[in-house]
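Ready to poke around a protein model? Grab a pencil and work through the exercises below.

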Amino acid sequence: MTEVLGVSVGASAVRMARPDVRPQNSGRLGFHHDTVDAYWDRAEELAAESIGVVLSQPGDSGPVQATGVAYRDQQQFGEIQQAMASQRLYNYRLVPEARAALQYLEASGELGHFGTIGLYDLGSSGLTISVIDRGTGQVLLAERTIDISGDDFDRLISDNQLAKQGVDIADNQELSEFTARCRVAKEQLSTSGAVCLPGEGGVILISRESFESLVTVPIEYSARLVRDVIGRSPKHVDALVLIGGGARIPLVESILGAWIGLPIITPADPESVAARGAALLATPVADAPRRPSSQPGVRTSPSEPASLTGAPDWLSPEPTGDKPADSKRKVRGAVLVAGGLVAVAALGLSLGYGGGSTNPTSAPAETTAPITAEPTTPRTTVPPTSAPPTTTVPPTTEAAQAPARTYSEPEYDPPAAPAPAPAPAPLIPGLPQIQLPQIQLPPPPVIELPRF
């Protein structure tokens, strides 16, 4: 199977679990467990560092391909994300502790035929009570309190031992170390009748009966909370499952069984149930910076250049080889546009002349070539501006032999004709400032009447 890693982040320890590729004799899936003491460090940062170390070291079946991390609440969710980002770890999934625990309990087959279960999770930082619908996996009701916790039990043992020895530890560092030894004694009392732990701060000597007398009231308080949550549950609760480090205390199971009146299930290694469930829920996650994007122009990896896939044609880079036919059409279009502007200027000049209708028809100044353009693209003839026309002097031989000058423009689709101006203006606005030639009209002919 794929090498996966499951992690649960407690206030005093980070627990990691990896499924064994070789099934046990019982047919159940085994796990390899590792515990990192977080008593002196911030648990979320320690978890991220520990995951980084495990990922850098390949296991029996190769490197870890997926990591699942169980979180307690929304605040821890954000803290784990921040710690993982600081270690540049992205291939992981965050899953709620209740869901992770249910996943392992389903895989282990310890739930039997029970439909709705209550989850009693007593850890070092507090107690979480949840009601889970097994069919849908939905958490119907959840409540958390810090009034009872494993750290409170450690302090009770510490105060008891210091009072017996008559010692008052003023230094905070020494007091923390002594309390940590009391935590070790508490864990040993789960399987032993008495514990004796020597140390620099003094010998810790306590029996199970003494310990139970210290923690009976807090455990009974937790039983009342469980009974209240179950009473408010929208569905009938069929069984109560104990997980977390506090579930190892024999007195917890006996008091809850007497107070609640439901079947009590305590799995093996209850403190690592969430880590094992997170391993079963772990699936590979693509690295966030390299995750493919569906938007055009978005980079899919830091080394990949931005792609213009799906961008408009006008954003595409120009070709480096021969220009295609589209570029030739663009050039011809530019020529037609330029020709159109010249034609508009010519039309304005023609309107400035007044259409040339004032010249006598007996002696035209210029001859024009016949217009052969299509009806939809008329041509415009512009009179010459080199010399003023005259009508009294007949053309000479050289002038007769010279070809007539004609002006024709490329075919174009002219815009709508502008409205005629009330009076010809010497300059055409919007066009290059062209000075119009002055029009000199010929003198009227002298008619001699016969004398009688």
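Here are three exercises on this predicted model, each with a worked solution.

**Exercise 1.** Check how the reach of helix 4 sits against the span expected at 1.5 Å a residue.

*Solution.* Start with the range: helix 4 covers residues 150-165, which makes 16 residues. The expected span is 1.5 Å times one less than the number of residues, and for helix 4 that comes to 22 Å. Now look at the model: from first C-alpha to last, helix 4 reaches 23 Å, close to that value. Just after helix 4 comes glycine 166, with a positive phi near 65°.

**Exercise 2.** Find out which elements the buried residues of helix 4 pack against.

*Solution.* First pick out the buried residues of helix 4; among them are Phe153, Ile157 and Leu162. Then see what the buried residues touch: strand 6 (116-122), helix 5 (172-188), strand 10 (204-207) and helix 6 (208-231).

**Exercise 3.** Work out whether arginine 42 is buried or partly exposed, and where its salt-bridge partner glutamate 79 sits.

*Solution.* Take the bridge itself: the side chains of glutamate 79 and arginine 42 meet at 3.9 Å, N to O. Next, place the two ends: glutamate 79 belongs to helix 2 (residues 74-86), while arginine 42 lies in the loop between strand 3 (31-37) and helix 1 (43-56), so the pair links parts of the chain 37 residues apart. For the exposure step, buried means under 20% relative accessible area; arginine 42 has 35%, so it's partly exposed. Finally, widen the view: Arg42 and Glu79 share a salt-bridge network with Glu44 and Glu45.

Methods
Residues numbered from 1 in each chain as written. Predicted model: local features only at pLDDT ≥ 70, side-chain atom pairs only at ≥ 80, totals over all residues. Heavy atoms only, no water. Helix = DSSP H or I, 4+ residues; strand = E, 2+ residues; numbered from the N terminus. Buried < 20%, exposed > 50% of the residue type's maximum accessible area, 1.4 Å probe, protein only. Contact = heavy atoms within 4.5 Å. Salt bridge = Lys/Arg side-chain N within 4 Å of Asp/Glu carboxyl O.
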